[in-house]
Amino acid sequence: MTSPLDQAPTHMKLAVDLIMILEQHDVAPEEVLKALDIVKSDFEKKQTES
């Protein structure tokens, strides 16, 4: 039996994986949001450089 996630786009699978990792490490939501801002900014810069 397949999971709906098996058919999901890559970005959805990645989001689920990241959520699971952060929850398993009991990272506070405010820390996650701060870190995601940094990650988003970094990848936006990389995207414009390509």
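User: What makes the contact between the side chains of Lys40 and Glu44 a salt bridge?

Analyst: In this predicted model, the side chains of Lys40 and Glu44 meet with a separation of 3.6 Å, N to O. A salt bridge requires a side-chain nitrogen of Lys or Arg within 4 Å of a carboxyl oxygen of Asp or Glu, and the pair is therefore called a salt bridge, since 3.6 Å falls within 4 Å. Both residues lie in helix H2, four residues apart, which is about one turn of the helix.

User: Why is Lys40 called exposed, and what is Glu44 called?

Analyst: Lys40 has 53% relative accessibility, and because exposed means over 50%, Lys40 counts as exposed. Glu44 has a relative accessible area of 39%; this value lies between the limits of 20% and 50%, so Glu44 is partly exposed.

User: How many salt bridges does the structure hold, and how do you know that Asp42 forms one with Lys46?

Analyst: The structure holds two salt bridges. For Asp42 and Lys46 the closest N and O atoms are 3.1 Å apart, and because the cut-off is 4 Å, this pair also qualifies as a salt bridge. Asp42 and Lys46 both lie in helix H2, and they too are four residues apart, about one turn of the helix.

User: Why do Asp42 and Lys46 count as partly exposed?

Analyst: Asp42 is at 34% relative accessibility and Lys46 at 42%. Partly exposed covers the range between under 20%, which is buried, and over 50%, which is exposed, so Asp42 is partly exposed, and so is Lys46.

User: What makes the phi of Asp26 worth a remark, and is Asp26 buried or exposed?

Analyst: Phi of Asp26 is near 50°, a positive value in a residue other than glycine. Most residues other than glycine have a negative phi. Asp26 lies in the loop between H1 and H2, and with a relative accessible area of 70%, set against the limit of over 50%, Asp26 is therefore exposed.

User: How do you know which residues in the lining of the largest pocket are nonpolar, polar or charged?

Analyst: The lining consists of His11, Met12, Leu14, Ala15, Leu18, Ile19, Leu22, Val32 and Leu36. Ala, Val, Leu, Ile and Met are among the types that count as nonpolar, while His is in neither the nonpolar nor the charged list and so counts as polar. The lining therefore divides into eight nonpolar, one polar and no charged. Helix H1 (10-24) and helix H2 (29-49) each supply at least two of these residues, H1 giving the most, with seven, and the pocket holds about 160 Å³ of space.

Conventions:
Residues numbered from 1 in each chain as written. Predicted model: local features only at pLDDT ≥ 70, side-chain atom pairs only at ≥ 80, totals over all residues. Heavy atoms only, no water. 1 Å grid on protein atoms, 1.4 Å probe; cavity = no way out; pocket = protein on both sides within 12 Å on 5 of 7 lines; lining within 4 Å. Points joined across faces, edges and corners; volume = space filled by probe spheres on them. Helix = DSSP H or I, 4+ residues; strand = E, 2+ residues; numbered from the N terminus. Buried < 20%, exposed > 50% of the residue type's maximum accessible area, 1.4 Å probe, protein only.
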